[in-house]
Amino acid sequence: MNPNKKRLRRTMMFLNAQKPGLIKDPYIYKPDSIMLDLEDAVAENQKDAARFSLYHALKTINYRGCERVVRINGLDTPYWKEDIRCAVAGGCDAIRIPKTESAQDVKVVEAEVVQAEKDFGREEGSVLIMAAIESARGVMRALDICESSERLFGIALSGGDYTKDLQTHITGTGIELMGARQNMVIAARAAGVQCFDTVYTDLDDMDGFRQDVENIHLMGFDGKSIINPRQINIVHEIFTPKQKDIIFAEKVVREIDTKKAQGIGVFTVDGKMIDIAFYDGAKRTIELAKASGVYKGDL
């Protein structure tokens, strides 16, 4: 399995692949991933120019550990195959499929990625895939999509198109997205892949943005798509374990390791009743703290 499949992805920042000013140094803001967009951000008559810009950016810019995902054009367009070849040849880390509605969509893209890896001398399995879900049909098939490929590291909600399909609109409250969000998180967890939330487009409402991020964090998402560097710190703050949570997780792991050897199944940590079911969650907290660079312990 590609070791990057489970990497930390709290933020994924969208950038128009055609604009050198945007894609030359986004790593300075320290998003976990960048989304180099060949689809909606690029006009119909500028697709070739965007690919040219993308290829040379991937080939020449050191993104300093920031994951480089390329959003290709839809499978119903004449552009997506060349998008994949350009992205893979340039050295991208992953391909994002827009408007995914079935496992077959993922398999079709995977076949093109496999061929591009061979054609351009990339290591087999080095290019990962993620699927954007943008319709009611896609939401209903989320589990099939999540289980479609070993290359698929996660799914993402695209709220604008999804709410149009649902015959409603983005309200800022999250009510219209609640069903899709929870269904997608459940599907992702069942399949062992990651799940990412849609963008929040009102840059003048940072309080609303913070509340939105708090909500999706509680729902179990792994991260959020963003459109502006101003949004990064809020997402990272909310998705990075607090020191009190890290300390408690360390206590839980140590106590369970000790008590298990003694044949004790239930005990208390800081006044809370704990059993073996808490172990995996505590270990996840520590691993997330390590990946986020805030862990100072020795577990």
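**Close-up views of a predicted model**

**View 1. Arg-71 is buried, its relative accessibility being 7%.** The cut-off explains the label: buried means under 20% relative accessible area. The model shown here and in every other view is predicted. Arg-71 forms a salt bridge with Asp-40. Their closest N and O atoms are 3.9 Å apart. The two partners come from distant parts of the chain, 31 residues apart. Arg-71 sits in strand E3 (residues 67-71). Asp-40 sits in the loop between E2 and helix H2 (47-60). Asp-40 counts as exposed, because its relative accessibility is 53% and exposed means over 50%. The bridge therefore pairs a buried Arg-71 with an exposed Asp-40.

**View 2. Arg-71 and Asp-40 also belong to a network of salt bridges.** The other members are Asp-37, Glu-39 and Lys-99. Side chains of opposite charge can pair when their charged atoms come close. Across the whole structure, a search finds 26 salt bridges.

**View 3. Arg-85 and Asp-119 meet through their side chains in a salt bridge.** The N to O distance is 2.8 Å. Arg-85 lies in helix H3 (residues 80-90). Asp-119 lies in helix H4 (residues 103-119). The pair therefore ties together parts that are 34 residues apart in sequence. Both side chains fall in the middle class of accessibility, which lies between 20% and 50%. Arg-85 is partly exposed, at 28% relative accessibility. Asp-119 is partly exposed too, at 39%.

**View 4. A salt bridge joins the side chains of Asp-212 and Arg-181.** N and O are 3.1 Å apart. Asp-212 belongs to helix H9 (residues 206-219). Arg-181 belongs to helix H8 (residues 178-191). Because the partners sit in these two helices, the bridge ties together parts 31 residues apart in sequence. Are these partners buried or exposed? Asp-212 is buried, with a relative accessible area of 7%. Arg-181 is buried as well, with a value of 3%.

**View 5. Eight strands form a closed barrel.** The order is E1-E2-E3-E4-E5-E6-E7-E8, and the pairing is parallel. From one strand to the next, the twist averages 25°. Strand E1 covers residues 11-16, and strand E2 covers residues 33-37. Five bridges join E1 to E2, and the two run parallel. Met-12 stands opposite Ser-33 in E2. Strand E3, which holds Arg-71, is part of the barrel order.

**View 6. The UniProt record, an unreviewed entry, places a domain feature at residues 10-229.** The feature reads "domain: HpcH/HpaI aldolase/citrate lyase". Over residues 10-229 the chain is 41% helix and 18% strand. The end C-alpha atoms of this stretch are 13 Å apart.

**View 7. The largest pocket holds about 1,100 Å³ of space.** Its lining comprises 33 residues. Which residues are the closest to its centre? They are His-217, Asp-222, Arg-284, Thr-285 and Leu-288. Five elements give two or more residues each to the lining: H8, H9, helix H10 (232-239), helix H11 (243-261) and helix H12 (279-292). The largest share comes from H12, with seven residues. H8 and H9 appear in View 4 as well, where Arg-181 and Asp-212 link them.

Terms used. Residues are numbered from 1 along each chain as its sequence is written. This is a predicted model: local features need pLDDT of at least 70, side-chain atom pairs count only at pLDDT 80 or more; totals for chains, interfaces and linings use all residues. Side-chain values use heavy atoms; hydrogens and water are left out. Two strands pair if DSSP finds at least two bridges between them. Axes are lines fitted to C-alpha atoms, for helices over the stretch in contact, and angles run from 0 to 180 degrees between N-to-C directions. UniProt positions are given in the numbering used here, feature names are shortened, and annotations may be inferred rather than shown by experiment. A salt bridge is a side-chain nitrogen of Lys or Arg within 4 Å of a carboxyl oxygen of Asp or Glu. Buried means under 20% relative accessible area, exposed over 50%, partly exposed in between (1.4 Å probe, protein chains only). On a 1 Å grid over the protein atoms alone, a cavity is a set of points where a 1.4 Å probe fits but cannot get out, and a pocket is an open set with protein on both sides within 12 Å along at least five of seven lines; lining residues have an atom within 4 Å of a point. Grid points are joined across faces, edges and corners, and a volume is the space filled by probe spheres set on the points.
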